[in-house]
Amino acid sequence: MAGRSIRNSSGTSRKRRPFTLEEAATLIRISRHQQGRPLDRWALPLGLALGCRLEELAGIRKEDIALVDGIPVVNIHPSEERRLKNDSSCRVIPIPQALQLESFLDWVEGQSDGLLFPEPTPPAADPRLSHYASVRLGKLIRKQALITDPTAVFHSARHFTAQQLVDAGCEQRMIEQVLGHGSKSMTARYSRAGIPIPQMLTAMEQRDWSWWPDLHAGC
């Protein structure tokens, strides 16, 4: 999957690339050692598992974690605290086994109502909830995970998820629904009826999860 262009100091563009399997594994290990704000602990596991944008993750509330057809899900929707990129960004994403075994749901259960990842109030010039988190996570990627390639950024987790879904043979409509992408394809536009959550979960579990450290340890 092609990455989004970003600009360097010379004004030329470069592509954001997906994380490699090895980098993804390192980022999960690093995230387990974070003792600061909750988003520092969970942003990378959630990004790598769900393909969410950082602003989407920063706005998750406890009540957004729910059960649909008996399956734990994350409900991504606009709120007073969270702006979404477009209408297609509103979606419900099943939580895969890897995140459940990471004890994410247990952690959520122990939190107070409201935002799961409260961040400092951003400056008026930049109202994004993820304003401070993007800086901290960038340092985590560079200084702790030692991933110095400038084309590897937090958004690379989203490209990683997309690439894995493509490699698993998922159809375009499935990938669009997981990622909250709008399609310019007329055929896809007329076939955007919601895919059932159990079917989405099956597709997500078909990804290669061998990179997730200690996934089945103790099972």
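Just after helix α8, G180 takes a positive phi of about 75° in this predicted model. Helix α8 itself, which spans residues 172-179, is mostly covered, with six of its eight residues buried. The buried positions are M174, I175, E176, Q177, V178 and L179, a list that includes the charged residue E176 and the polar residue Q177.

Positive phi values also occur at residues that are not glycine. As a rule, most residues other than glycine have a negative phi. S103 departs from this pattern, with a positive phi of about 70° although it is not a glycine. This serine is placed in the loop between α4 (97-101) and α5 (104-109). S103 counts as partly exposed because its relative accessibility is 32%. D214, likewise a residue other than glycine, has a positive phi near 55°. It is found in the segment after α10 (197-205). With a relative accessibility of 59%, D214 counts as exposed.

The wider setting for these local features is a chain with 10 helices and five strands. Of its 219 residues, 49% count as buried. The accessible surface comes to about 10700 Å², and carbon and sulfur atoms hold 52% of that area. Among contacts in the chain with a separation of 6 or more, 66% are accounted for by residues 24 or more positions apart. Several such pairings are described below.

The interior may be approached through its nonpolar side chains. In soluble globular proteins, nonpolar side chains tend to be buried together. Here, the largest nonpolar core has 59 residues. The members with the most contacts inside this core are F19, L27, L48, L50, F104 and W212. Helix α2 supplies the largest share of the core, namely eight residues. One of the residues named above, F104, is in contact with W42, L46, I65, I95, L99 and F117, leaving aside its neighbours within four places in sequence.

W212, another of the core residues with the most contacts, is placed in the segment after α10. This tryptophan counts as buried because its relative accessible area is 3%. Not counting residues up to four places away in sequence, W212 touches I28, R32, P45, A49, A98, L99 and E102. The C-alpha atoms of W212 and R29 are separated by 8.8 Å, although the two residues lie 183 positions apart along the chain. A further long-range pairing joins L101 and L215, which are 114 residues apart along the chain and have C-alpha atoms separated by 7.1 Å. L101 lies in helix α4 and counts as partly exposed, at 38% relative accessibility.

The account now turns to the packing of helices. Helix α2 (residues 38-50) packs against helix α7 (residues 156-167) at an angle of about 30°, and their axes are 7 Å apart. Because of that angle, α2 is roughly parallel to α7. On the side of α2 the contact is made by G47, L48, A49 and L50, and on the side of α7 by A157, R158, F160 and T161. By character, these contact residues divide into five nonpolar, two polar and one charged.

Within this contact, G47 merits separate attention. The glycine lies in helix α2 and counts as buried because its relative accessibility is 0%. G47 and A157 are 110 residues apart in sequence, yet 5.4 Å apart in space when taken from C-alpha to C-alpha. Beyond residues up to four places away in sequence, G47 touches C52, L57, F154, A157, R158 and T161. Of these partners, A157, R158 and T161 also belong to the α7 side of the helix contact.

Helices α2 and α7 appear again around helix α1 (residues 21-31). The buried residues of α1 are E23, A24, A25, L27, I28, I30 and S31. What covers them includes α2, α6 (131-144) and α7. Two of these buried residues have been met before: L27 is among the residues with the most contacts inside the largest nonpolar core, and I28 is one of the residues touched by W212.

Technical notes. Residues numbered from 1 in each chain as written. Predicted model: local features only at pLDDT ≥ 70, side-chain atom pairs only at ≥ 80, totals over all residues. Heavy atoms only, no water. Axes fitted to C-alpha atoms, helices over the stretch in contact; angles between N-to-C directions. Helix = DSSP H or I, 4+ residues; strand = E, 2+ residues; numbered from the N terminus. Parallel < 35°, antiparallel > 145°, perpendicular 65-115°, else oblique. Contact = heavy atoms within 4.5 Å. Buried < 20%, exposed > 50% of the residue type's maximum accessible area, 1.4 Å probe, protein only. Areas by Shrake-Rupley, 256 points an atom, 1.4 Å probe, with all protein chains shown as cover. Core = buried A, V, L, I, M, F, W, Y, C linked by side-chain atoms within 4.5 Å.
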